[in-house]
Every structure is written in structure tokens, then in C-alpha cells.
Amino acid sequence: MKNLDEAAYKGNIGIMELAKFHSKASPAQKSKFTELMRKKYAARNDVEEKRVADEIWDHVQTLTAPRAKARGF
């Protein structure tokens with residue numbers, strides 16, 4: 001059997017972390033997540049997009065495990 005790893009690409013947040021976050025998050029935390037995602041996709045440059053992606057990841061990690069070193073982030 002092959003070991004299937006999660007795809008790593010720029011801005012990738014693991015699906016398992018997102019599922020765990022959305023199952024535990026309060027409505028306010030989900031709203032913040034949605035607003036951060038809007039900011040990420042409205043980013044004017046790569047630096048701003050990276051900053052917001054890091055903020056999203058930190059927000060997700062408040063309800064999941066300590067922040068892991070994600071490739072491509």
C-alpha cells in the first residue's frame with residue numbers, strides 16, 4: 001500500500017485541521033475565519049497574502065493542535 005500524503009502547496013491548510021476547527025468553532029470564530037479568508041483572496045501582493053494566510057493558520061490552530069511546520073506556507 002502506498003503512503004498518501006496530503007498535498008502541499010502555497011497557502012495550503014490541512015483539511016483535517018479545517019474539519020476539526022469547524023466542528024469545534026463558535027459562530028464568532030467561524031465568522032472570523034470567513035473574514036480572514038476574504039482578506040486572503042483580496043490581498044494585493046504575495047507578502048500580504050502570506051501574512052493573512054499565517055493569521056488564518058494561527059486562528060485555526062487555536063482550536064486544533066499546536067502549529068505544525070507546514071510546507072509551502
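**Figure 1. The aromatic pair of the predicted model.** One aromatic pair is present in this predicted structure. Its members are phenylalanine 21 and phenylalanine 33, whose ring centres lie 5.6 Å apart. The ring planes meet at 40°, so the pair is classed as tilted. Phenylalanine 21 belongs to helix 1 (residues 15–24) and phenylalanine 33 to helix 2, so the pair ties together parts that are twelve residues apart in sequence. Both rings belong to residues that count as buried: phenylalanine 21 has a relative accessible area of 0%, and phenylalanine 33 has a relative accessibility of 10%.

**Figure 2. Overall arrangement of the chain.** The protein contains three helices and zero strands. In sequence order the pattern is α-α-α. Of the 73 residues in the protein, 27% are buried. Among contacts with a separation of 6 or more, 51% are between residues 24 or more positions apart. The views that follow take the helix pairs in turn, and then individual residues.

**Figure 3. Packing of helix 1 against helix 2.** The two axes come within 8 Å of each other and cross at roughly 140°. An angle over 145 degrees would count as roughly antiparallel; helix 1 and helix 2 are therefore oblique to each other. On the helix 1 side the contact is made by Leu18, Phe21, His22 and Lys24, and on the helix 2 side by Gln29, Lys30 and Phe33. Sorted by class, the residues of this contact are three nonpolar, two polar and two charged. Both members of the aromatic pair, phenylalanine 21 and phenylalanine 33, appear in this contact.

**Figure 4. Packing of helix 2 against helix 3.** Helix 2 spans residues 27–41 and helix 3 spans residues 46–61. Their axes are 9 Å apart, and the packing angle is about 165°. The two helices are therefore roughly antiparallel to each other. Their crossing is left-handed. Helix 2 contributes Gln29, Lys32, Phe33, Leu36, Met37, Lys39 and Lys40, which meet Glu49, Val52, Ala53, Glu55, Ile56, His59 and Val60 of helix 3. Seven of the residues in this contact are nonpolar, two are polar and five are charged.

**Figure 5. Packing of helix 1 against helix 3.** The axes of helix 1 and helix 3 are 9 Å apart, with an angle of about 55° between them. Helix 1 and helix 3 are therefore oblique to each other. The crossing of this pair is left-handed. Glu17, Leu18 and Phe21 of helix 1 make the contact with Trp57, His59, Val60 and Gln61 of helix 3. The residues involved comprise four nonpolar, two polar and one charged. Phe21 and Leu18 are listed here and also in the contact of helix 1 with helix 2.

**Figure 6. Surroundings of histidine 59.** Histidine 59 is part of helix 3. With a relative accessible area of 8%, histidine 59 is buried. Apart from neighbours within four places in sequence, histidine 59 contacts Phe21, Gln29, Lys32, Phe33 and Leu36. These contacts include both residues of the aromatic pair. Histidine 59 also takes part in the contact of helix 3 with helix 2 and in that of helix 3 with helix 1.

**Figure 7. Surroundings of lysine 24.** Lysine 24 lies in helix 1. The relative accessible area of lysine 24 is 48%, so this residue is partly exposed. Beyond neighbours within four places in sequence, lysine 24 is in contact with Gln29 and Leu63. Lysine 24 and leucine 63 are 39 residues apart along the chain, while their C-alpha atoms are separated by 6.9 Å. Lys24 and Gln29 are both among the residues in the contact of helix 1 with helix 2.

**Figure 8. Glycine 14 and tryptophan 57.** Glycine 14 is located in the segment before helix 1. At 6% relative accessible area, glycine 14 is buried. The C-alpha atoms of glycine 14 and tryptophan 57 are 9.6 Å apart in space, and the two residues are 43 residues apart in sequence. Trp57 is one of the helix 3 residues in the contact with helix 1.

Methods. Residues numbered from 1 in each chain as written. Predicted model: local features only at pLDDT ≥ 70, side-chain atom pairs only at ≥ 80, totals over all residues. Heavy atoms only, no water. Axes fitted to C-alpha atoms, helices over the stretch in contact; angles between N-to-C directions. Helix = DSSP H or I, 4+ residues; strand = E, 2+ residues; numbered from the N terminus. Parallel < 35°, antiparallel > 145°, perpendicular 65-115°, else oblique. Left-handed = near helix turned anticlockwise from the far one by under 90°. Contact = heavy atoms within 4.5 Å. Nonpolar A, V, L, I, M, F, W, Y, C, P; charged D, E, K, R; others polar. Phe/Tyr/Trp six-rings, centres within 6.5 Å; stacked < 30°, edge-to-face > 60°. Buried < 20%, exposed > 50% of the residue type's maximum accessible area, 1.4 Å probe, protein only.
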